[in-house]
Amino acid sequence: MEKLPPAIHANQHIYRDYFDEEFTQAIDENILQLLDRVWFRSRLVGFEPFPARNNPARPLIFASNHSGMAFPWDAIVVLAHLFRKLPDHYHTMPRPMSAPLLSKTVLMNPYLVQHFWKKCGCVEATTLNFETMMHNPSHNLMVYPEGVPGIGKGFNRKYQLQRLATSMLRMSLEHGTDIMPFYTINAEYLNPYAYSFEPINRLTKKIGIPFLPLTLLLLLVLVQPWAFYLALPAQLTYVMGTRIRPTELTPKKHDELTRDEYLALSETIRVRMQAELDAAVQAHGQQPYRWRELWQRIKENRRYFPFFLPFAWPAAFTEFERRFVKNGERNFNLHLDRPGAFWQILWRNPLVLAYFIPLLGWIPLAIKGYRGHRLGRRGQQP
């Protein structure tokens, strides 16, 4: 058995902390499958056969471009799709490294579902956590190496890869494992024509929101709080790229490279990924919404109305949390296709009404969000 450094050995609890396979499967079956089938209509291109580890003892590093100015539905959808479509590879599915800001406040979890990201397998992107996850015996790893600047890059820089974090390269070289790039196409249109300004972002970061997208949709957020998580119906396509072997890019070992050499190698990888991303956009990104297909999916799933529409998502997520987390139920069905289901959920979860109250609706949502945040900081488990 491999002898691990004490800090990494002590940190291996992150493999299991919060991560709940039952939660992941249940929320996919009850909610995410419907949203994906009708609204996002995601496709995987080139993921089969599913990539195998080149170093059996170390996870592959799956790396994708960030989509600017949108709530990270693209990450939720690709993980749910992989979980659903490649069940034989479930125990090698990539676990995402997520920006700590996503877990800093419950407001950054979809519809205030506490610890949503962590329960679905995300691990906060710290240096120690990254190193620890590189020793995970089964699951691979997923990173968005542009970091928060990739999310906040604005629609004017859509599909333009920002500088990649050198930590991805260093981990790949240190552990002798390959990088598997894949490209997220059309997610730039989940919240199009949105821009950000750093002085405003510095203010929003103080309340746990990494950036504030300035767009006409922002006015809707004020009068309809559910729109904070809004995504337009972009058809999400995920395209597997060409395996990258950083060990072939340099004869030096990871601890022999200077900072400048790491930056140069990282730029080489960024340029290679940018070329493949451009090709993927040309092939799959010319009709981001596919309105005719969307209308057809709506007609086929009309018995689920209104739950495939964004304004009804708060009700579905809140009811799921009530039953799975608060009541401890398992193997249940939300029956979102049952007549009157939306109004029944509102009756059982009156807080959902706050998502529809202009301005004042934010008060109870913020109270719940930041109260949950304080509990999380005390280290309470779900």
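Okay, one bit of vocabulary before we start: we call a helix crossing left-handed if the near helix is turned anticlockwise from the far one by less than a right angle, and right-handed if it is turned clockwise. Keep that in mind for the helix pairs. And please remember that what you see above is a predicted model.

So, the overall picture. The protein chain has 15 helices and seven strands. Its radius of gyration is 21 Å, close to the 21 Å that the globule rule gives for 382 residues, so the chain is as compact as a globular protein of that length. If you lay the C-alpha trace along its principal axes, it spans about 65 × 45 × 45 Å.

Now the helix pair I promised you. Take H2, residues 21–40, and H13, residues 313–326. Their axes come within 10 Å and cross at roughly 165°. Anything over 145 degrees counts as roughly antiparallel, so that is what H2 is to H13. As for the handedness, H2 passes H13 in a right-handed crossing.

Who is touching whom here? On the H2 side you have Glu 22, Phe 23, Ala 26, Ile 27, Asn 30, Ile 31, Leu 32, Leu 35, Trp 39 and Phe 40. H13 answers with Trp 313, Ala 316, Phe 317, Phe 320, Phe 324 and Val 325. Sort the residues of that contact by class and you get 14 nonpolar, one polar and one charged.

H13 has another partner to look at, H14, which covers residues 341–348. Those two axes also come within 10 Å, and they cross at roughly 55°, which makes H13 oblique to H14. This crossing is left-handed. Ala 315, Glu 319 and Arg 322 of H13 meet Phe 342, Ile 345 and Arg 348 of H14. By class, this contact has three nonpolar, no polar and three charged residues.

On to the sheet. Seven strands make an open sheet, and the order is S1-S7-S6-S2-S5-S3-S4, with mixed pairing. At the edges sit S1, residues 43–45, and S4, residues 123–124, each of which pairs on one side only. Have a look at the S4 end: S3, residues 94–98, pairs with S4 in the parallel sense over two bridges. If you want a spot to click on, Met 97 has Val 123 in S4 as its bridge partner.

What lies on the sheet? One helix is H3, residues 73–85, which lies across S1, S3, S5, S6 and S7 and runs at about 75° to S1. Another is H8, residues 166–175, which packs on the sheet and touches S2, S5 and S6. The direction of H8 makes about 160° with that of S2.

Last, some backbone details in the loops. Where are the cis peptide bonds I want to show you? One joins Glu 48 and Pro 49, with omega about 0°, and Pro 49 lies in the loop between S1 and S2. Another joins Phe 305 and Pro 306, with omega about 5°. Pro 306 is in the loop between H12 and H13, which brings us back to a helix we have already met.

And then there is Tyr 111. Its phi is near 55°, a positive value in a residue other than glycine. You will find Tyr 111 in the loop between H4, residues 101–104, and H5, residues 116–119.

That's my tour, thanks.

Notes. Residues are numbered from 1 along each chain as its sequence is written. This is a predicted model: local features need pLDDT of at least 70, side-chain atom pairs count only at pLDDT 80 or more; totals for chains, interfaces and linings use all residues. Side-chain values use heavy atoms; hydrogens and water are left out. Axes are lines fitted to C-alpha atoms, for helices over the stretch in contact, and angles run from 0 to 180 degrees between N-to-C directions. Helices (H or I, at least four residues) and strands (E, at least two) are DSSP runs, numbered from the N terminus. Angles under 35 degrees count as roughly parallel, over 145 as roughly antiparallel, 65 to 115 as roughly perpendicular and the rest as oblique. Contact means heavy atoms within 4.5 Å. Ala, Val, Leu, Ile, Met, Phe, Trp, Tyr, Cys and Pro count as nonpolar, Asp, Glu, Lys and Arg as charged, and the others, Gly among them, as polar. Two strands pair if DSSP finds at least two bridges between them. The radius of gyration is taken over C-alpha atoms; the globule rule is 2.2 Å times the number of residues to the power 0.38.
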